[in-house]
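Dear colleague,

Please find below the structure that I am handing over to you. My notes on what was found in it follow directly after.

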Amino acid sequence: MTQQLKLRRVAAEGSFLRRLSADRPARAVYVALALLILLGWLLFALDGGRFLSQENIVGIQQRSAALGIVAVGQTLVILAGSLDLSVAYLISLTSLVAAEIMGGADANVPAAVAAVLAVSALAGLVNGLIVTRLRVHAFIATLGVALIIRGVLDDRYDGPAGSVPDSFQHLGYDRIGLLPVSALLWAAVAASAGLLLSRTRLGYRIYAVGGDAAVARLSGVRTERVVVTAHVLCSVCAGIAGLLLASRLGAGAPTVGTDGGYDLESIAAVVIGGTALAGGRGGVAGTVGGVLLLAVLDSIFNQMEVNSFAKDVVRGVVLVAALAVYARGRRTA
């Protein structure tokens, strides 16, 4: 009975913490997103163009889907007080695993998807065990795993490999009205993660461990198991993103993850969305807004033909400004 009361208390504290700390930053990022869309519309209207054209709206959704899926997984692991720098190389690896197993044949798609999920879960399990059992900081642990995967990729692949059947490429290119199938996949992943965090015991424990691991442990939460599970889920999200990118490319590519910068980009989206890097505060809703904000920003830059240096500068300014605003908000709360 005592154990059940403790778990209920942890769950209640996690729910309260989620509502208190995630709602305001999530609202703030959507306000910033709306202002950015308005700015883009004005800039293009003055130039005689249309920012909110059907092509641009669909393009923003398609470009943000892969990053969004990775960022959702990154949200879970950051909320638990950890992070994952191996996702970019894992995306590259899983795209190759998928494409090589498929070999252009429809019959091999289920096996390829199962293999990708298994490889991803294994990578997440390794990350989690290194962090929890060997007591290695998540930054170093996941960076080490990333370098191991990089070594495998460099040794085995010189370029694209394998092939994806035409039927599987519908995932990357088809759409229903203005909604690409890839965006629907991202929405399903985000909704699942949101429900996990808000409606399940694991979600409450993730908030509790990220908020204060020592208190969570004294309350009866198996903190190591929670961190490992969060890492596995994060890696599975990276694997799903690898499948999506393989469907777009029609093959696997050893640099598709690193070229997209999905490791740092996903962390940036999570932070812009209001999730604290220390863990315990934030949520998926803010992350979705952060991903969309970065996607809209990229769309404006691309259509205005802004050089890559200026893009990185503005992204850095946005990230620092978001952190400053959230930090000040917590001090004055």
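**Helix 10 and its surroundings**

Of the 27 residues of helix 10, 21 are buried, so this helix is largely enclosed by the rest of the structure. Please bear in mind that the model is a predicted one. Helix 10 covers residues 223–249 and reaches 39 Å from its first C-alpha to its last, close to the 39 Å expected at 1.5 Å a residue. Just after helix 10, G250 takes a positive phi of about 80°.

Which residues does S95 touch, leaving aside its neighbours within four places in sequence? They are G242, A246, G252, A253 and V256. S95 itself is found in helix 3 (residues 87–102), and it counts as buried because its relative accessibility is 0%, where buried means under 20%.

**Salt bridges**

A search of the whole structure finds five salt bridges. One of them joins the side chains of R133 and E224, at 3.2 Å from N to O. R133 lies in the loop between helix 4 (109–132) and helix 5 (138–156), whereas E224 is in helix 10, so the pair ties together parts that are 91 residues apart in sequence.

E224 also forms a salt bridge with R135, with the closest N and O atoms 2.8 Å apart. This pair, too, links distant parts of the chain: R135 is in the loop between helix 4 and helix 5, 89 residues from E224 in helix 10. R133, R135 and E224 are thus linked in a network of salt bridges. Within that network, R133 is exposed at 59% relative accessibility and R135 is exposed at 61%, while E224 is partly exposed at 25%.

A further salt bridge connects D154 and R150, whose closest N and O atoms are 3.6 Å apart. Both residues lie in helix 5, four residues apart, which is about one turn of the helix. An α-helix has 3.6 residues a turn, so residues three or four places apart point the same way.

**A nonpolar patch on the surface**

V31, L35, L38, W41, L42 and L52 make a nonpolar surface patch of about 560 Å². Among them, W41 is placed in helix 1 (residues 2–46) and counts as partly exposed, at 41% relative accessibility.

**Confidence**

The mean pLDDT of the protein chain is 88, and 91% of its residues reach 70 or more. Over residues 10–21, however, pLDDT stays under 50. Where pLDDT is low, the predicted coordinates should not be read in detail.

Yours sincerely

Note on methods
Residues are numbered from 1 along each chain as its sequence is written. Side-chain values use heavy atoms; hydrogens and water are left out. Patches are made of residues with over 30% relative accessible area and no salt bridge: like charges are joined within 9 Å, nonpolar side chains (Val, Leu, Ile, Met, Phe, Trp, Tyr) within 5 Å. Accessible areas come from the Shrake-Rupley method with a 1.4 Å probe; for residues, only the protein chains shown count as cover. A salt bridge is a side-chain nitrogen of Lys or Arg within 4 Å of a carboxyl oxygen of Asp or Glu. Helices (H or I, at least four residues) and strands (E, at least two) are DSSP runs, numbered from the N terminus. Buried means under 20% relative accessible area, exposed over 50%, partly exposed in between (1.4 Å probe, protein chains only). pLDDT is the predictor's confidence in each residue, from 0 to 100. Contact means heavy atoms within 4.5 Å. The expected span of a helix is 1.5 Å times one less than its number of residues.
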